[in-house]
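Student: Before we discuss this model, could we agree to set each term against its criterion, and only then draw a conclusion?
Tutor: Yes, let us take the terms one by one.

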Amino acid sequence: MSLTVGEAQDRRYMAAALSLSRTHTGLTGTNPSVGCVIVKDGDIVGEAVTAVGGRPHAETQALAIAGEKARGATAYVTLEPCSHYGKTPPCANALVAAGVARVVVCLDDPDPRVAGRGLAILREAGISVETGLMADEGRRALAAYLSRQVRGRPYVTLKLALSSDGMLGRRGAEVAITGENTRTIVHRMRAESDAILVGIGTVFSDDSDLTVRLAGLEDRSPLRIVLDRRLELPLNSRLVTTASIVPVVAVTDPFCQDRVGDETKLRALMSAGVEILQAASLADLLENLAKRGISSLMVEGGAHVARAFLDAGLVDRLVIFESDAVIGEGGLESPVTPSDIPSGFHGVRAERIGRDRCFEYERGF
């Protein structure tokens, strides 16, 4: 069905607001990265995204840019304007005070402090309010925030790099499977995540520092988490030796009876800056992370960790990079391949990256 001119314009401006929102993904703390575009007589007179750290909010910044031109204008916002007083006044009130005539909202805010109150403030002031425009795109852009608010756990992305014969690597040896372009994309994915997780086996085999190593993005390295039930994390590993710079959490099993790390090891890890966290299950761990304000988690662990998250039904997004390399005998088989995707996931992207291919799948809320 064809769109009217007005409908097409609304979609174009909301798409611009969504594009803005994605520019600060992973940078706004516990607040969602919201985009706001203010339009008057067909011209954009103000636009902004939630600032790094979460404040100021998008609406107040966009209104400040628009100034008097906001009066009688239409505001396109990717998430319902807030209605509660925190460190800043409510954005819904700011839109009312600016004299905006119409507000188009992509998604309602599930935060119980808002949850329809922002829309009510606008309507009570006589502002025309429309909701749900490009809601599917909005749910993708704000998936991490929505997951923490609605499900009480971070949005989990499982990243896997496979050889053409479905292997994650080779036993007892570190193997570079994908190319440089793919590795650049993986670092960008890290930069957009609140936390990154691996198993202790990956630490033993790769000894990666799990940081962002792209020029200009070094300060966006996420919290680093290691599943280490027996407390075996080596004191000379890159994770431990850099823990005072980029935080590291070692997750142990409180019911593990054969823990290797003694009190001396425990004190040494903590002295190096490693936090020791006990969690009885992956679900318990994710709940703990959500309470800390962690909205997005990238899982980069090996086959065992990947299978554990998949079996627990805790993977929301699956990103598979497949190269043309062949591992052959002695390879570590991946628990999932592009030809064998678990039920419940649907494909959202397939593209070639140099000599590699990327397949992305999502599972809805």
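**Strands, cores and local geometry**

Tutor: In this predicted model, strand S10 (residues 248-252) pairs with S11 over 5 bridges, and the sense of the pairing is parallel. One of the residue pairs involved is Val248 with its bridge partner in S11, Val274.

Student: What makes S10 and S11 a pair of strands?
Tutor: Two strands pair if DSSP finds at least two bridges between them; S10 and S11 have 5 bridges, and therefore they count as paired.

Student: Which sheet holds these strands, and where are its edges?
Tutor: They belong to an open sheet of 9 strands with mixed pairing, in the order S11-S10-S9-S8-S12-S6-S13-S16-S15. The edge strands are strand S11 (274-278) and strand S15 (346-353), because each of them pairs on one side only. From one strand to the next, the twist averages 20°.

Student: How do you know that helix H11 lies across this sheet's strands, and at what angle does the helix run to S9?
Tutor: Helix H11 (residues 282-291) lies across strand S6 (155-162), strand S8 (195-199), strand S9 (223-227), S10, S11 and strand S12 (296-299), where contact requires heavy atoms within 4.5 Å. The helix runs at about 160° to S9; on a scale from 0 to 180 degrees between N-to-C directions.

Student: What is the order of strands in the sheet of 5 strands?
Tutor: That sheet is open, has the order S2-S1-S3-S4-S5 and shows mixed pairing. Its edge strands are strand S2 (43-49) and S5, each of which pairs on one side only, and the twist from one strand to the next averages 15°.

Student: How do you know that S4 pairs with S3 and with S5?
Tutor: With at least two bridges required, strand S3 (residues 74-79) is joined to S4 by 5 bridges, running parallel, and S4 is joined to strand S5 (residues 128-131) by 4 bridges, also in the parallel sense. Both counts satisfy the criterion, so both are pairings. Among the residues concerned, Tyr76 has Val104 in S4 as its bridge partner, whereas Val103 has Val129 in S5. Between S4 and S5 the chain passes through helix H4 (residues 117-124), and this β-α-β crossover is right-handed. Helix H4 itself lies across S4 and S5, running at about 150° to S5.

Student: Why is strand S4 called mostly covered?
Tutor: A residue is buried if its relative accessible area is under 20%; in strand S4 (residues 102-107), 6 of its 6 residues are buried, and the strand is therefore described as mostly covered.

Student: Which residues touch the most other members of the largest nonpolar core?
Tutor: Of the 43 residues in that core, Met14, Ile38, Val100 and Val103 do so. Met14 has contacts that include Tyr76, Val77, Val104, Val105 and Leu133, when residues up to four places away in sequence are not counted. Apart from that core lies another, of 32 residues, among them Ile225, Val249, Ala306 and Phe309. In soluble globular proteins, nonpolar side chains tend to be buried together.

Student: Why is Glu360 called buried, and what makes its link to Arg317 a polar contact?
Tutor: Glu360, which lies in strand S16 (residues 356-362), has a relative accessible area of 4%; the limit is under 20%, so Glu360 is buried. Its side chain and that of Arg317 are joined at 2.9 Å, and the cut-off is within 3.5 Å, so the pair qualifies as a polar contact. Among the other residues that Glu360 touches are Arg140, His346 and Arg349.

Student: Why is Asp207 called partly exposed, whereas Leu231 is called buried?
Tutor: Asp207 has 25% relative accessibility, which falls between the limits of 20% and 50%, so Asp207 counts as partly exposed. Leu231 has a relative accessible area of 3%, which is under 20%, and is therefore buried. Asp207 lies in the loop between helix H8 (200-206) and S9, and Leu231 in the loop between S9 and helix H9 (238-241). Neither residue is a glycine, yet phi is positive in both, near 50° in Asp207 and about 55° in Leu231.

Student: Where is the cis peptide bond that leads into Pro56?
Tutor: The bond runs from Arg55 to Pro56, with omega near -5°, and Pro56 lies in the loop between S2 and helix H2 (58-66).

Notes: Residues numbered from 1 in each chain as written. Predicted model: local features only at pLDDT ≥ 70, side-chain atom pairs only at ≥ 80, totals over all residues. Heavy atoms only, no water. Buried < 20%, exposed > 50% of the residue type's maximum accessible area, 1.4 Å probe, protein only. Helix = DSSP H or I, 4+ residues; strand = E, 2+ residues; numbered from the N terminus. Right-handed = clockwise from strand over helix to strand, strands pointing away. Polar contact = N/O pair within 3.5 Å; in protein donor to acceptor, adjacent residues only side chain to side chain. Core = buried A, V, L, I, M, F, W, Y, C linked by side-chain atoms within 4.5 Å.
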